[in-house]
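Visitor: I should like to understand how the labels attached to a structural model are justified. Please take me through the reasoning.

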Amino acid sequence: MSYFNQEETNKRMGNVRAILKAHELDAALIYYDELNIANGWYLTGWCPQFEKGAVFLPAEGEAILLGGPESELFAKMSSAVRETRNFTVFMVPDEEYPNATIIDFEKLYQELHGKGISLKRIGVVGTTVIPHAVYTQFAEGFKDVELVDITEQYEELRSHKSGWELENVRQATRLSYLAYQEMKELVKPGTYEHEIAAVGEYVCRRNGANSFAYATIVGSGERSDAVVPTAINKELKEGEWVMLGIAPRVNGYAGTFGETVPVSGVYTKEQKWAVNVLRRVLRATKAMLRPGVSGIEIDVPGREIFEEEGLLPYLVCPFAHTIGLMEAEAPFYGPNSEDVLEPGMTVCVDISFFGHPTLHGARIETVYTITDNGCEPLCPELDAWFEEDVK
C-alpha cells in the first residue's frame with residue numbers, strides 16, 4: 001500500500017512538463033525534506049526520514065529521486081518515483097554507508113548527457129527553502145546550465161485540487177472532527193495537556209491518518225497566547241480555557257479543526273463574548289468564499305468586526321488560507337493579497353486573536369471547498385456548530 005495515486009501522479013508530471021515547455025526548460029529540480037514535504041510529496045506520495053532529497057524530472061524521460069542511501073530502499077518500496085541516485089549533500093551529516101553507491105551532481109549530469117538528454121535550462125522548485133550546499137553543489141555539477149525559479153508556477157498547480165485530492169482533504173477533516181469530539185471530553189480540571197493530545201492523535205491514527213501536518217495544539221491558560229502551542233505536561237486549571245487543534249493527514253492531505261474550550265465546562269462572561277466575536281467573524285469570512293474574491297476583499301468584514309469589538313490590536317493571523325499537503329499553504333488570503341479564490345480550492349477559515357491581557361489567545365477554524373457558486377463545508381458538523389452563538 002502506498003499514499004500516491006498513479007493516475008494522479010501521471011497527470012501532475014504532465015502538468016509540470018507543460019510548465020517546462022512554456023518556459024523553454026529542459027527539466028525540473030523539485031527540492032523537499034521532512035519539514036518542506038509538500039512539493040516532493042506532490043509527485044511521489046512519499047518523503048524520506050532523516051534525509052533531504054529532490055525529484056529530477058526531465059522534459060522527456062524517466063523521473064529520478066535524488067536523495068541519500070538510508071532512504072533508498074524505502075523509496076523503492078513506497079515512492080511513485082523509484083529510480084534513485086544517492087548524494088552526500090542529501091545524507092545525514094557524517095553518517096557512513098560503506099556499501100552504498102554515492103555520486104555527485106557532475107556525474108549525474110554526465111549520465112544524463114550520455115542518454116542524449118539536452119540540459120541548457122532547468123527549473124528549480126523550492127528556492128526559498130533549498131539549503132545553500134544543495135543549490136551550489138547542483139549548480140557546480142550542472143555548471144553550463146541556467147537555473148530558473150519556477151516555484152510559484154509549480155505551487156499554483158498544488159492549489160487546485162482534483163476530486164481525489166478533495167476527497168482526501170475531506171476524509172482528513174472528518175478525522176480531525178472525530179479527534180475533537182474525544183479531545184473535548186478530556187477538557188476538565190486536573191487533566192494534562194499531553195493527555196488530550198494523545199487521545200486526539202490515537203483517534204486519527206486508528207482511523208487511517210498517515211501523519212500530522214503540525215504538532216497537536218493544546219494550550220491552556222496563558223499558553224493559549226502562543227499561537228501554535230504544542231501540548232506539554234501542564235495541568236488544566238479551573239477558570240482557564242484551552243485552545244485545541246489537530247491536523248491529521250490522509251494520503252498526505254491534511255484536514256484540521258480549531259476550537260477554544262472552557263476547562264470548567266462553562267465559559268465566563270468575557271470568554272463567551274470573545275468566542276461569539278470569533279464566530280461572527282468566521283461567518284462573515286465564510287460569506288466571502290466564492291470564486292473571484294481576493295484576499296484583500298475577504299479580509300474586510302472580519303477586520304471591521306475586530307475593530308468594532310476592540311480586538312484589532314490582538315489580530316496576528318489572516319482569516320483565510322488554503323490547505324492541502326500542508327495545513328497552511330499558499331495562497332494566503334491576507335489583507336494585502338491579490339490572489340483570488342477559484343473552484344476546486346480547499347480553504348481554512350481560521351479566526352484567532354493573541355496577546356489579550358486577560359483572555360490571552362483563542363482560535364476557531366474549519367475547512368471549506370470553493371464551488372462554482374460559493375463554498376461547501378468539509379465538516380458540516382463544525383460549520384453548523386459555528387453558525388450559532390454560544391448561549
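The following exchange sets computed values for this predicted model against the definitions behind each label.

Visitor: Why does C204 not form a disulfide with C379?
Guide: A disulfide requires two cysteine sulfur atoms within 2.5 Å. The closest cysteine sulfur to that of C204 is in C379, 12 Å away, and therefore too far for a bond. For C379 the closest cysteine sulfur is in C348, again at 12 Å and too far for a bond. The search of the whole structure finds zero disulfides.

Visitor: What makes T173 count as buried?
Guide: Buried means under 20% relative accessible area, and T173 has 0% relative accessibility, so the label applies. T173 is found in helix 7 and touches, among others, G255, V367 and C379. C379 is itself buried, at 1%.

Visitor: Why is the pair R158 and E329 called a salt bridge?
Guide: The side-chain nitrogen and the carboxyl oxygen must lie within 4 Å. The closest N and O atoms of R158 and E329 are 2.7 Å apart, which meets that limit. R158 lies in helix 6 and E329 in strand 15, so the pair ties together parts that are 171 residues apart in sequence. Both partners count as buried, R158 at 7% and E329 at 6%.

Visitor: Why is D389, the salt-bridge partner of R283, called partly exposed?
Guide: Partly exposed covers the range between under 20% and over 50%. D389 has 29% relative accessibility and therefore falls into that class. Its closest N and O atoms with R283 are 2.9 Å apart.

Definitions and conventions. Residues numbered from 1 in each chain as written. Predicted model: local features only at pLDDT ≥ 70, side-chain atom pairs only at ≥ 80, totals over all residues. Heavy atoms only, no water. Buried < 20%, exposed > 50% of the residue type's maximum accessible area, 1.4 Å probe, protein only. Helix = DSSP H or I, 4+ residues; strand = E, 2+ residues; numbered from the N terminus. Contact = heavy atoms within 4.5 Å. Lists of a residue's contacts leave out its neighbours within four places in sequence.
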